[in-house]
Structures are given as C-alpha cells and as structure tokens.
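Here's a quick briefing on two spots worth pulling up in your viewer. One is about strands, the other about a pair of helices.

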Amino acid sequence: MRLQQGQMEHETVYSNDPAQLARRWESEGAQLLHVVDLNGAIHGEPRNRSAVMSILKAVKIPIQVGGGIRDLDTMEEYFSAGVARVVLGTSVSENLKLLEEACARFPGRLLAGVDAKDGKLAIRGWTKIVDQEATAFVERFKGFPLHAVIYTDIGQDGMLAGPNVQGLRRIASACPLPLIASGGITKVEDLLRIREVGAIVIGAIVGKALYEGLIELPAAMAALREKGAVSADPGRAGEMEPR
C-alpha cells in the first residue's frame, strides 16, 4: 500500500500479496527493495513480520526494512532472517545510545531515516512533528558508521508532484553521510534532477509512481545507467530502490 503525505486515512492498497509484487520488481531489474512496516512505525514495534519474511523468501535481491525497529533484538532478528539493511527512524531521534550500540554491533548495515515536513523533523510514523530543523538533526550522524541517511520529504510523499530538490540540497549541505532521497519522485527526469544535487546522493526510493505506472522500472534503470547513475552493485552508489 501507499499513502499520501504519510496519512493512513489516505491509503491506496495495490496488492494483498507483497511477495508477488517483490517478485515483479525483481523480474523488472530492481537491485534492492525498500520495505516499510507502516503499522510498526506507528505502534513502535514490527506488526508485519510475516509479510517481510514472505518477501525475503520470494526474491534473491537484497531488501532493507524499516518501521517500528527500536531495539537491538529486533535488528538481530531481521539480520538473521536475511535482511540486508535495517532502517532506524524514531529510535535515532529519541535514543542516541541505542544508535551508538547498534552501529557498534552492525557497522555499515544500518540506515538512519530522517523524515521532515516543512523542514521540521517528523517521528513515530510521521504522526508527531518535532520542533527541530532536519538540517540540524542530520549533523549528529557525523562519525557514525551508517550506510546512509534516507531523507523523506513528507509533504511530497505520495503526491506525485515531484521531489523537493531545494529541500534535498539543504539537507545535503548539512549531512555528513551519503543520502538516499525519497518523496514525490514521479518521472525519470525527477531522478536525474536528484542526481544533479551531487555525489552525496547515492540513491532514490521510488514508490507510488511505479504502482501508478508513471515510471516504468526497466526504462528508468536504462536511462540512469546511460547517465552512469546506476551501479551493478546495490551496496554502492547509484541505487534506485522500489518500495
């Protein structure tokens, strides 16, 4: 399912079989899948483990998972099951000690999810806006062995109105780690605009535009590959991650 601006009351269900959709994206050339447990993000603990496990069994490409992951045991559970990376969101804003412990235990395998609305940090499944600028918040990640920071502009997410490139540039100027852009990507040209922000942006997450048929994954991958923006290694730069 996909949301508009993170609002559960504005949901669109595209399939009751996540594993089948995962196989579709793999067959179309996806290098990595981005999976979010939306219920888990709101309730603070995973609620869709069975769906995640079904996706893991269905595909051979790596997947990264976020949503309600707020303790080391849950991270270990996902990694042991075969998840390539874990996305931490609310936990990185509320528990810096947990982030330190997680990075020490799983260096290079974690991503920090930074979600913002009007420049302000949003947590708990986007249900709470914190009086803190996202640009200032990302500075805390300096020195942490994270794979990257996923930056989502909530105002653009699911709206099919194009990404907030200006906001992405502001985050890029402050972030000490590689960035993955998310929110509002509607066409291949949006991906190329994001690429122009600079080498710090190593990837982009595309969701609703794929499900609505506005972006065809094989064509998008081909266009990006032509520009040298897709790597053969999904663990490196040039990722385009369907979710």
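Contact here means heavy atoms within 4.5 Å. Keep in mind that this is a predicted model. With that in hand, start with the helix pair and then move on to strand 9.

**Helix 9 against helix 11**
- Helix 9 covers residues 188-195 and helix 11 covers residues 217-226; their axes come within 10 Å and cross at roughly 35 degrees.
- As for handedness, the two helices, 9 and 11, make a right-handed crossing.
- On the helix 9 side, the residues involved are Val188, Leu191 and Leu192, and they meet Ala220, Ala223 and Leu224 of helix 11.
- Sort that contact by class and you get six nonpolar residues, with no polar and no charged ones.

**Strand 9 and its partners**
- On one side, strand 6 (residues 110-117) runs parallel to strand 9, and six bridges join the two.
- If you want a register check for that pairing, Ala116 has Asp153 in strand 9 as its bridge partner.
- Strand 10 (residues 179-182) also pairs with strand 9 in the parallel sense, this time over four bridges.
- There, Tyr151 sits opposite Ala181 of strand 10.

**How covered strand 9 is**
- Strand 9 spans residues 148-153 and is mostly covered, with six of its six residues buried.
- Ala148, Ile150 and Thr152 point one way, while Val149, Tyr151 and Asp153 point the other way, and all of them are buried.
- So which residue of strand 9 is the bridge partner of Ala116? That's Asp153, one of the buried residues in strand 9.

Methods: Residues are numbered from 1 along each chain as its sequence is written. This is a predicted model: local features need pLDDT of at least 70, side-chain atom pairs count only at pLDDT 80 or more; totals for chains, interfaces and linings use all residues. Side-chain values use heavy atoms; hydrogens and water are left out. Buried means under 20% relative accessible area, exposed over 50%, partly exposed in between (1.4 Å probe, protein chains only). Two strands pair if DSSP finds at least two bridges between them. Axes are lines fitted to C-alpha atoms, for helices over the stretch in contact, and angles run from 0 to 180 degrees between N-to-C directions. A crossing is left-handed if the near helix is turned anticlockwise from the far one by less than a right angle, and right-handed if clockwise. Ala, Val, Leu, Ile, Met, Phe, Trp, Tyr, Cys and Pro count as nonpolar, Asp, Glu, Lys and Arg as charged, and the others, Gly among them, as polar.
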